Amino acid sequence: MNKQWTVIELINETTGYFKKKDIETPRLDAELLLAHCRATGRVQLYTNFDRPVSETEISSFRELVRRRAAGEPVAYLTGYREFWSLKIRVGKGVLIPRPETELLVEEALNVFKPAVFAATQLTLLDIGTGSGAIAIALAKELHESIIYAADISRAALAVARANSTEHGYAGRIRLVCGDSVTPFRQKELFDLIVSNPPYIRSGDLKGLAREIREHEPIAALDGGIDGLDFYRQWIPQMPALLRGKGWVILEMGAGQAAAVAELFQQTGLFNAVKVVKDYAGHERVVLAQKQYG
Ligand SMILES: C[S@@+](CC[C@H](N)C(=O)[O-])C[C@H]1O[C@@H](n2cnc3c(N)ncnc32)[C@H](O)[C@@H]1O
């Protein structure tokens, strides 16, 4: 007769196996995969530690453990990643949203959540929306806003569409396929432009963790020789799209803050350029407000 595994036994065994395979967060990954196979949450695993796991659940769990050990990210195996306390669907060809990107959302809310904007119908643009994570978080928090979520990748937009529908924001999130700001010809359309663009230096791509390098879309990561291609090409075009004293809030990589701030200054059309550090102490987000008139 086959051994009857309990939840805790499977977690412990898999944690040990993942440690040997140099998985960075072995216990967390084991729990997320097992919770997924049992169609439950991680918390429910804790309240059911001594429960036996069915043969079917074990066989699907074993398959996911094998793929995880071979380097596939957990989010691609479960199909979801949590962002801003929202369950965001991901899939091949779409970047997995990172926790540090929540800082960009926080900064946008610091600017636009105050009472002065509370009843205003803001129009926002998220360039390179990927899974739609940023757009959906903003839609959740800024209730009156209309958000254009744009990406050059049709695979990404299909996932963003699924996410905006699942979370109930399809009516306020408009998906647009195109190269950065080029689809937006009208002038002074947006109160805020946000973006987490590709910013990894091309030469650094091969040094990324294997699970990123081999599984996540390179077009979502590669920012050119110095990582600044997107900022250099598109920052000069942003003022024309901003309404009044509109804002641009961009994520960037380590060591890029001064160069990105300088690109805003060079336009001569922004003031209040501000750099914000993430919780790890890295300069992560830059905010710039357009000068009026
Ligand atoms: C770093 S990912 C960010 C995804 C998502 N916003 C997030 O924070 O998780 C960059 C995204 O920009 C898209 N992208 C790259 N170049 C682009 C361009 N020129 N115009 C529009 N989107 C672009 C990629 O397809 C990818 O989805």
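Serine 180 makes a close approach to the ligand through its backbone: one of its N or O atoms lies 2.7 Å from a nitrogen atom of the ligand. The protein covers 92% of the 590 Å² of accessible area that the ligand has on its own. Keep in mind as you look around that this is a predicted model.

Serine 180 has company. There are 18 residues around the ligand, and those that come nearest are Gly128, Asp151, Asp179, Ser180 and Asn196. Two of the aspartates reach the ligand with polar side-chain atoms: aspartate 151 lies 2.6 Å from a ligand oxygen, while aspartate 179 lies 2.7 Å from a ligand nitrogen.

Next, the second largest pocket. Which residues lie nearest its centre? They are Gly128, Asp151, Pro198, Ala219 and Ala220, out of 37 residues that line the pocket. Two of these names, Gly128 and Asp151, have already appeared among the residues that come nearest to the ligand. The space in this pocket amounts to about 630 Å³. Strand S3 (123-127), helix H8 (133-141), strand S4 (146-151) and helix H11 (229-234) are the elements that give two or more residues to its lining. Helix H11 gives the most, with four residues. By character, the lining divides into 17 nonpolar, 14 polar and six charged residues.

Away from the pocket description, two hairpins are worth a visit. The table sets them side by side.

| Strands of the hairpin | Pairing | Bridges |
|---|---|---|
| S1 (residues 80-83) and S2 (residues 86-89) | antiparallel | four |
| S8 (residues 270-277) and S9 (residues 283-290) | antiparallel | six |

In the hairpin of S1 and S2, phenylalanine 83 stands opposite leucine 86 in S2. Two residues lie between these strands, and tryptophan 84 takes a positive phi near 55°.

What stands opposite valine 276 in S9? It is another valine, number 285. The hairpin of S8 and S9 has five residues between its strands, and here glycine 281 takes a positive phi near 85°.

As you follow any of these strands by eye, one general pattern helps: in a regular strand the side chains alternate between the two faces of the sheet.

Terms used. Residues are numbered from 1 along each chain as its sequence is written. This is a predicted model: local features need pLDDT of at least 70, side-chain atom pairs count only at pLDDT 80 or more; totals for chains, interfaces and linings use all residues. Side-chain values use heavy atoms; hydrogens and water are left out. On a 1 Å grid over the protein atoms alone, a cavity is a set of points where a 1.4 Å probe fits but cannot get out, and a pocket is an open set with protein on both sides within 12 Å along at least five of seven lines; lining residues have an atom within 4 Å of a point. Grid points are joined across faces, edges and corners, and a volume is the space filled by probe spheres set on the points. Ala, Val, Leu, Ile, Met, Phe, Trp, Tyr, Cys and Pro count as nonpolar, Asp, Glu, Lys and Arg as charged, and the others, Gly among them, as polar. Two strands pair if DSSP finds at least two bridges between them. A residue is near a molecule or strand if one of its heavy atoms lies within 4 Å of it. A polar contact is a pair of N or O atoms within 3.5 Å; within protein, one must be able to donate a hydrogen and the other to accept it, and residues adjacent in sequence count only if both atoms are side-chain atoms. Accessible areas come from the Shrake-Rupley method with a 1.4 Å probe; for residues, only the protein chains shown count as cover.
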